[in-house]
Amino acid sequence: MDLRSDVLRKLKNRRPGHSLEQAFYTDPDLFKIDMEQIWYKDWLFIGHDCEIPKSGNYFTVQVGEYPVVIVRDRTGTVRALHNSCRHRGSRVCASAKGSSAKLVCPYHQWTYELDGTLLFARQMGEDFDKNQHGLKPIHCETIGGYIFICLAEHAMDFQPVRDMVSSYVTPHNLKDTKVAFESTIIEKGNWKLVWENNRECYHCAANHPELCRTYPEAPTATGVQGAKDDPVIAAHWEHCQSSGLPSEFKLDPSGQFRVARMPLIEGAESYTMSGARAVRRQLSDAVSQSHIGTLLLFHYPSTWNHVLADHAITFRVLPLGPELTQVTTKWLVHKDAVEGVDYTIEELTHVWTETNDQDRQIVEENAFGIRSPAYQPGPYSPEHEGGVMQFVEWYTNFMADRLKGATASPSLVRVA
């Protein structure tokens, strides 16, 4: 039996309401299938357009085997390009971020316009056609200040994401924010373990004392189990929606992305030890309301988010190996907020810096135990782990469809 057939068999025989078999969290060959079928074919959150506010601004990122550069071109368009010179393949942009009038390969100085067009290649002969050697484009979409890319030759339709998410995130005007602080941690566990841990708060009371000062550990807070029947959440939705902020829980039929605006613990406005605002200046000039809780947004496989009245916290997940995952967190504030006047980095970041490190330890202990020959899939809590079950169900169905050859309607990359 070949590997794909074996993976399909495992998915088909998976016991509902239970964790996955060991190989899904540890096996290098199965990890390669995850990369090929999900990470190299799907839409991935990659960063924010506020990170490249001016033409020539860029940042780079590595997605599996693909080096990528995100750049704002001369027309103000955000573009994603393969960061591999069309001469002999060297990385064109080696820095994590920067600004440049042109993209110049440091190896032989092939020079590209900001849209990827090749401008100059020294002494390549009379028959050389510059038009055939621009940097290869990557599908790129922006929505409410978020940048998504798709590495596939033919991208899945992004419109369903835009239709659901736009009205929720647009009022927060993240394109006019700035990154006040950024941190990256490496978790020694499979990317699916990182997500499973994120999708429940069954573990919160015992592991996240800082977060639990403001974030409710009730199962309804995830927006998956019984949120519409919770009177506190219903009242919160009514309060926010009366102010023009869409709030009700929405989950795409595929299960891949979700939005919901959830209340914090009574009286809390932000993720701080006191529950008071971390930033004096409102995140968006268009949102003046207080006590709007947190806008929860996830999009598998690469991001979950918390957008509050005073700041936003965004998380990007990127797998580095079968048992190694990178999690990058960014704290966004109004672009005119002043550090030391409107906020301090310590107060702004303390709760989630601590929570991230606690989650890292949890994931690593989880991964350690799963490596045991004695491991077998265990049952999820029907009361507390509905979000985990939903994630695993999405993964199972998504992978099974991909491995059986199901495809989405393609959209071709528009080459500049």
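Here are some notes on this predicted model, covering its domains, one helix, its cavities and a few backbone details.

1. **Two domains.** Let me start with the overall layout. The domain assignment splits the protein chain into domain 1, residues 43-150, and domain 2, residues 176-371. Their C-alpha centres are 31 Å apart. On the contact itself, domain 1 contributes 14 residues and domain 2 contributes 18 residues.

2. **The area between them.** How much area do domain 1 and domain 2 bury between them? The figure is about 1200 Å², with 62% of it on carbon and sulfur atoms. If you want to look at particular side chains in domain 1, go to Phe45, Cys50 and Tyr146: these lose the most area to domain 2, and together they make up 42% of what that side buries.

3. **Helix α4.** This helix spans residues 159-169. Its buried residues are Val161, Met164, Val165, Ser166, Tyr168 and Val169. What covers them? The cover includes the strands β9 (137-143) and β10 (146-150), along with β13 (250-251), β14 (257-262) and β15 (294-299).

4. **The largest cavity.** You may like to know that the model has four cavities of 30 Å³ or more. The largest cavity holds about 270 Å³ of space. Its lining has 21 residues, and those nearest the centre are Asn198, Arg199, Tyr215, His306 and Trp352. At least two lining residues come from each of α5 (191-198), β15, β16 (303-307) and α8 (345-370). Sorted by class, the lining of the largest cavity consists of ten nonpolar, seven polar and four charged residues.

5. **The second largest cavity.** Here the volume is about 60 Å³. Which residues line the second largest cavity? They are Glu187, Val194, Asn197, Asn198, Trp304, Val327, Asn356, Asp359 and Val363. By class, that gives four nonpolar, three polar and two charged residues. Helices α5 and α8 each provide at least two residues of this lining, and each also provides at least two to the lining of the largest cavity. Asn198 is worth selecting in your viewer: it lies among the residues nearest the centre of the largest cavity, and it is also part of the lining of the second largest cavity.

6. **A cis peptide bond.** Please have a look at the bond joining Tyr300 and Pro301, which is cis, with omega at about 10°. Pro301 sits in the loop between β15 and β16. Those two strands have come up already, as each supplies at least two residues to the lining of the largest cavity.

7. **Gln123.** This residue is not a glycine, yet its phi is positive, at about 50°. You will find Gln123 in the loop between β8 (118-120) and β9. Is Gln123 buried or exposed? It is exposed, with a relative accessible area of 72%.

8. **Asn173.** Another non-glycine with a positive phi is Asn173, again at about 50°. Its place is the loop between α4 and β12 (177-187). Asn173 counts as partly exposed because its relative accessibility is 24%, and that class covers values between 20% and 50%.

Methods: Residues numbered from 1 in each chain as written. Predicted model: local features only at pLDDT ≥ 70, side-chain atom pairs only at ≥ 80, totals over all residues. Heavy atoms only, no water. Buried < 20%, exposed > 50% of the residue type's maximum accessible area, 1.4 Å probe, protein only. Helix = DSSP H or I, 4+ residues; strand = E, 2+ residues; numbered from the N terminus. Contact = heavy atoms within 4.5 Å. 1 Å grid on protein atoms, 1.4 Å probe; cavity = no way out; pocket = protein on both sides within 12 Å on 5 of 7 lines; lining within 4 Å. Points joined across faces, edges and corners; volume = space filled by probe spheres on them. Nonpolar A, V, L, I, M, F, W, Y, C, P; charged D, E, K, R; others polar. Domains from an automatic or database assignment. Buried area = accessible area lost by both parts, 1.4 Å probe.
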